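User: I have a structure open and would like to learn how to read its features. Could you walk me through it?

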Amino acid sequence: MKPRITLITLTVDDLERSLKFYRDGLGLATKGIVGTEFENGAVVFFDLEGGLKLALWPRKSLAHDTGLPAGERSSMELSVGHNVRTEEEVDAVMFQAKAAGATIVKSAGKTFWGGYSGYFQDPDGHLWEIAWSPQLLPPD
């Protein structure tokens, strides 16, 4: 297996609400909900840098596709990291997420590893870390 991830799918309870959060609140570009002509096919795709895509898909659709029960939601299953170039940018993204309806789990601040980060949860409880790390600066 090559060390390549091309798609990260977050399951959601309300696709329209999550679309608005990520598109209107966080400013991610998308063509909106596609695949509505298929049963359990409605999905939202966002193009990210480096060819990576973020997908939002109803929990019931992933359960149907895999044959696994939906189970209980847990924010501790996964966190998505978004690295930025400055501490000020961490604060700006955290502010933007809160204004969009995110729940701030941990306010941004200095970290034990020499960086600066904070955590928020999206409307479905998915955990995002917004971080400035001198060791992991994004290329832009």
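**Reading the fold, step by step**

Analyst: Happy to! Let's begin with one glycine: Gly118 sits in strand E7. Keep in mind that this is a predicted model.

User: Is Gly118 buried or exposed?

Analyst: The general idea is to compare the relative accessible area with a cut-off, and buried means under 20%. Gly118 has a relative accessible area of 0%, so it is buried.

User: And what does Gly118 touch, apart from residues up to four places away in sequence?

Analyst: Its contacts are Val90, Met94, Lys106, Ser107, Ala108, Trp128, Glu129 and Ile130. Take Ser107: it is 11 residues from Gly118 along the chain, and their C-alpha atoms are 5.0 Å apart.

User: Now the interior. How should I think about a nonpolar core?

Analyst: In soluble globular proteins, nonpolar side chains tend to be buried together. Here the largest nonpolar core has 24 residues, and Tyr22, Leu56 and Phe120 touch the most other members.

User: Which helices and strands each supply at least two residues of this core?

Analyst: Two helices are on the list, H1 (15–25) and H3 (87–100). The strands are E1 (7–12), E3 (43–47), E4 (53–58), E5 (79–84), E7 (116–121) and E8 (127–132).

User: What is Leu56 in contact with, leaving aside neighbours within four places in sequence?

Analyst: Leu56 meets Leu10, Val12, Leu15, Ser18, Leu19, Tyr22, Val43, Val44 and Phe46.

User: I see aromatic rings in there too. How many aromatic pairs does the structure hold?

Analyst: There are 5 aromatic pairs. To read one, look at the ring centres and the angle between the planes: under 30 degrees is stacked, over 60 is edge-to-face, and the rest are tilted. For Tyr22 and Phe46 the centres are 6.0 Å apart and the planes are at 45°, so this pair is tilted. The pair links distant parts of the chain, with Tyr22 in helix H1 and Phe46 in strand E3, 24 residues apart. Tyr22 counts as buried because its relative accessibility is 0%, and Phe46 is buried at 0% as well.

User: Which residues do ring pairs link into a cluster?

Analyst: The cluster consists of Phe21, Tyr22, Phe46, Phe120 and Trp128.

User: Let's finish on the outside. Which residues make a nonpolar surface patch?

Analyst: Leu7, Val34 and Phe45 make one of about 220 Å². Leu7 belongs to strand E1. With a relative accessible area of 39%, Leu7 counts as partly exposed, because that class lies between the 20% and 50% cut-offs.

How values were computed. Residues are numbered from 1 along each chain as its sequence is written. This is a predicted model: local features need pLDDT of at least 70, side-chain atom pairs count only at pLDDT 80 or more; totals for chains, interfaces and linings use all residues. Side-chain values use heavy atoms; hydrogens and water are left out. A nonpolar core is a set of buried Ala, Val, Leu, Ile, Met, Phe, Trp, Tyr and Cys residues joined through side-chain atoms within 4.5 Å. Buried means under 20% relative accessible area, exposed over 50%, partly exposed in between (1.4 Å probe, protein chains only). Helices (H or I, at least four residues) and strands (E, at least two) are DSSP runs, numbered from the N terminus. Contact means heavy atoms within 4.5 Å. Rings of Phe, Tyr and Trp (its six-membered ring) pair if their centres lie within 6.5 Å; planes under 30 degrees apart count as stacked, over 60 as edge-to-face and the rest as tilted. Patches are made of residues with over 30% relative accessible area and no salt bridge: like charges are joined within 9 Å, nonpolar side chains (Val, Leu, Ile, Met, Phe, Trp, Tyr) within 5 Å. Accessible areas come from the Shrake-Rupley method with a 1.4 Å probe; for residues, only the protein chains shown count as cover. A salt bridge is a side-chain nitrogen of Lys or Arg within 4 Å of a carboxyl oxygen of Asp or Glu.
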